Each structure stands twice: as C-alpha cells, then as structure tokens.
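Welcome! Here are some short exercises to help you find your way around a new structure. Try each task before you read its solution.

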Amino acid sequence: MNNISKLLLSSVLAGCCIGIGGTVFLKVGGVEGAVLFSIGLIAVVSYKLKLYTGAAGFVTKSNIWELLPILLGNIVGCILLSLFPTKLDVTAIIEARAACEWYNAFVLAIGCGVLMTTAVTFAREGKMLPLLFAVPVFILCGFYHCVADAFYYAVGWNQLSMNIIPVYLATVAGNFVGCNIPRLAAIVNK
C-alpha cells in the first residue's frame, strides 16, 4: 500500500471513530454523552489515525499538503458512519450552525483547535487523561469541530441549506488556527 493510500485509509478510519463518538453523544446527550464522545478521539490517538484536528497543530512546510486529503478522508468516514441504521436527531445542531455567522463559527472553532492540540500533545507524551477531558470541554463550551460537524451534517443532510458552507469552511479554518496556537506557548517558553 503506498503512502497516499495509507493516509486516506487512516483518515477514513479516523472519521469513522469520530462518527462513533458523535453517535454516542447524540444517543446519550448531556455531560455523559459529551464524556462518552471522547472514545472517538481516544481511538484515533491510540491507533495513530489521521484526524484533521490531530494533524493540523503539528504540520510543517513539508507535510502541510496532507491536511486536505486527511480532511476529505475524515468526511468520508463520517458519511460512512452516518449510514448506520441508527435514529439520530441532529436538528438542534444543524439549526444552530445554520443560524451562526461564519466569523462566529471561526472563533468557536479556534477554541476547539486549542483543546484538540493540547490533548494530542499530552497523549503523545503518554498522558491520556487530557483526551478524556478535552472533548467534553469543547462540546460543553459550544466550540465547533469540523470533523464532528461533518458527521452531524452527514446524518442530517436533508436538513442542510447552502448557508452552511461558509460556516463549515470557517470551522475548518478556525480549527487550523486554534490547533496552531499551542505552538505560541512553546515559543514563549523557550
């Protein structure tokens, strides 16, 4: 299997993991569902799969090109999970995203990006507990995660309108910015 095939397969599997997390969150709801969503990120990190928000904070000039195929693979994985015959209600999430201005989505996505890179950084050092807390914190804060949102959009595709596109693109961009903010902490502490 060549490198691009491995990258895409890893990305699709990561999207499936986030879809599983999203499914349990939608089924259980509340704080409990937000905590259980963490299984998605724990699986991604444990299996070293390629997740957009897990990769964006660690890109270099030589591998930044990987982000687009990673995101596309994540979206495909989310779509695959959305096809499972499980009754999920994403109406409130989709309505909130559709009512959000793109610049607000951008800012909300930054917060999620910071949390994701922080959690992954600790996990790479063998400290897994932040993975358990970062996901419920971003959910309970109302921050946006582009891969989780891809799952919600895939589940509720018949509820989507065109005004969701700028919100989604702003979420992707905001996640990228947020994922790279922890690099500033590293620079400051040198």
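**Exercise 1.** Find how much area the protein chain exposes and what share carbon and sulfur atoms supply.

*Solution.* Start with the total: the protein chain exposes about 9600 Å², by the Shrake-Rupley method with a 1.4 Å probe, where for residues only the protein chains shown count as cover. Next, take the share: carbon and sulfur atoms supply 70% of this area. Keep in mind that this is a predicted model, where local features need pLDDT of at least 70, side-chain atom pairs count only at pLDDT 80 or more, and totals for chains, interfaces and linings use all residues. Residues are numbered from 1 along each chain as its sequence is written, and side-chain values use heavy atoms, leaving out hydrogens and water.

**Exercise 2.** Count the helices and strands in the protein chain.

*Solution.* Helices (H or I, at least four residues) and strands (E, at least two) are DSSP runs, numbered from the N terminus. Counting them gives nine helices and zero strands.

**Exercise 3.** Work out what percentage of the residues of the protein chain count as buried.

*Solution.* Buried means under 20% relative accessible area, exposed over 50%, and partly exposed in between (1.4 Å probe, protein chains only). Of the 190 residues, 48% count as buried.

**Exercise 4.** Locate Val137 and decide whether Val137 is buried, partly exposed or exposed.

*Solution.* First, look in helix H7, where Val137 has its place. Then apply the cut-offs: the relative accessible area of Val137 is 37%, so this residue is partly exposed.

**Exercise 5.** Give the span of the C-alpha trace along its principal axes.

*Solution.* Reading along these axes, the trace spans about 45 × 40 × 30 Å.
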